[in-house]
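Me: Please pick one part of this model and look at it closely. After that, place it within the rest of the chain.

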Amino acid sequence: MKGKNSMQAIKILEQFHISATKKPVSIYPYSPVYHVHYEGEDVIVKKTQKPLERARALAAYTQFLQENGVLVVSPIKMDVDNPQEIGPDCYVVYPFIKGEKYRASNEQIYTAGALLGKIHALSPAKDPYLLSSYNVYDFTNEEVEESVQSIAKHAQTNHVSLNIAVLKEKLLSCVSMQTELRQLSLPHVLTPHDYKANNLVYTPEPYLIDPDNAARVPRIFDLALALLLFHNEMNTAPDIVFTLEQWNAFLAGYYNYVQLTDLEKQSWDIALKHVFLDEVMWLMAEVPEDWEKQSQRKLFLSVVDLFLESKAYQL
């Protein structure tokens, strides 16, 4: 399998006219991400949105952000098309950004909030790039029950104490609130929609290095995702969610650019729980290898605690 993956990586690089001096190895375990050299510069070659039309739309969006002062990667200029469709997927070449990793200082958290606020504030009223729009309001009780069974199994296997009955009850209540949430006229924004510490490099200002999940989503959904998973899969981050002090620092930076509506503030609790249903439940159910890592297990427990009792974390 490793040989096959190496051959595929070489083929991908060749399509971009990038020579591989040794067999490329992905620097990310869950998706192909290659750190290589192109014309004397460090670059990243990675999978991006598909089909090609959507990959090009994403490129146009990131270029728009760059032109408006946002520190975010955008496809580099090459003597071939970038991005490209290669086999069933699309790939893109980004510059490699050198900087420091996230260390969870209040200053880093504040500036991360400011960067997300700037991105949200720049969002046009209508989407000229035709990115995908969030429309995940179709969870069923059966899906929740299956996921909870998997979570319970992972917890038991890894000797983790988790109140499965309470978690299941709360998740089922989220399913029942989907229709109400969908009908709310929440402000939507164009956003990278995967805003967490492992997608930022500090130069020393935060620089977004992975915008590839960009979409049009309810603005507070993006904030909820940051609260729940900002420390996910980041070895220099704490193995718990934001403390209240950290969350307030993040919001302080964010509010430099954005003023949320009363409806958003009133809908925060239901939105936060829905984002857990959408983004965290599957992560806990479908990625068993995460449960084998002590830091990730502790993060899961922390996220569940916040989900079950989130009143202190307001907007």
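Reply: His 193 counts as buried because its relative accessibility is 13%; buried means under 20% relative accessible area, exposed over 50%, and partly exposed in between, with a 1.4 Å probe and protein chains only. The model is predicted, so local features need pLDDT of at least 70 and side-chain atom pairs count only at pLDDT 80 or more, whereas totals for chains, interfaces and linings use all residues. Residues are numbered from 1 along each chain as its sequence is written, and side-chain values use heavy atoms, with hydrogens and water left out.

The part chosen here is the loop that holds His 193, between strand 5 and strand 6. Strands (E, at least two residues) and helices (H or I, at least four) are DSSP runs, numbered from the N terminus. His 193 has a positive phi near 55°, although it is a residue other than glycine.

Asn 199 is found in this loop too, between strand 5 (188-191) and strand 6 (200-202). Asn 199 counts as buried because its relative accessibility is 6%. Which residues does Asn 199 contact, leaving aside its neighbours within four places in sequence? They are Asp 194, Tyr 207, Leu 208, Ile 209 and Asp 210, where contact means heavy atoms within 4.5 Å.

Asp 194, one of those contacts, also meets Lys 196 through their side chains in a salt bridge of 3.6 Å, N to O. A salt bridge is a side-chain nitrogen of Lys or Arg within 4 Å of a carboxyl oxygen of Asp or Glu. Both Lys 196 and Asp 194 are buried. Asp 210, another contact of Asn 199, belongs to a network.

To reach that network, consider the salt bridges of the structure, which number nine. In one of them, Asp 290 pairs with Lys 293, the closest N and O atoms being 3.6 Å apart. Asp 290 counts as buried because its relative accessibility is 0%, whereas Lys 293 is partly exposed because its relative accessible area is 38%. Elsewhere, Lys 46, Asp 210 and Asp 212 are joined into one network by salt bridges that share partners. Arg 219 and Glu 264 form a salt bridge too, with the closest N and O atoms 2.7 Å apart. This pair links distant parts of the chain, since Arg 219 is in helix 7 (residues 219-229) and Glu 264 in helix 9 (residues 262-266), 45 residues apart. Arg 219 and Glu 264 are both buried.

Past strand 6 comes a cis peptide bond, which joins Thr 203 and Pro 204 with omega about 5°. Pro 204 lies in the loop between strand 6 and strand 7 (206-208). A cis bond also runs from Asn 82 to Pro 83, with omega near 10°, and Pro 83 is in the loop between helix 2 and strand 3.

Phe 250 leads back towards the chosen loop. Phe 250 sits in helix 8 (residues 244-254) and counts as buried because its relative accessibility is 0%. Leaving aside neighbours within four places in sequence, its contacts include Tyr 195, Ile 109, Leu 223 and Phe 242.

Lys 46 of the salt-bridge network leads to the sheet. Strand 1 and strand 2 (residues 41-48) run antiparallel and are joined by six bridges. Tyr 34 has Val 45 in strand 2 as its bridge partner. The open sheet has four strands in the order 1-2-4-3, with antiparallel pairing; two strands pair if DSSP finds at least two bridges between them. Its edge strands, strand 1 (33-38) and strand 3 (84-86), each pair on one side only. Neighbouring strands are turned by 35° against each other on average, direction ignored. Helix 2 (residues 52-67) packs on the sheet, touching strand 2, strand 3 and strand 4 (89-95), and its direction makes about 20° with that of strand 4. Axes are lines fitted to C-alpha atoms, for helices over the stretch in contact, and angles run from 0 to 180 degrees between N-to-C directions.

Glu 39 can be set beside His 193. Glu 39 is not a glycine, yet has a positive phi of about 50°. Its place is in the loop between strand 1 and strand 2. Is Glu 39 buried or exposed? Glu 39 counts as exposed because its relative accessibility is 64%, whereas His 193 counts as buried.
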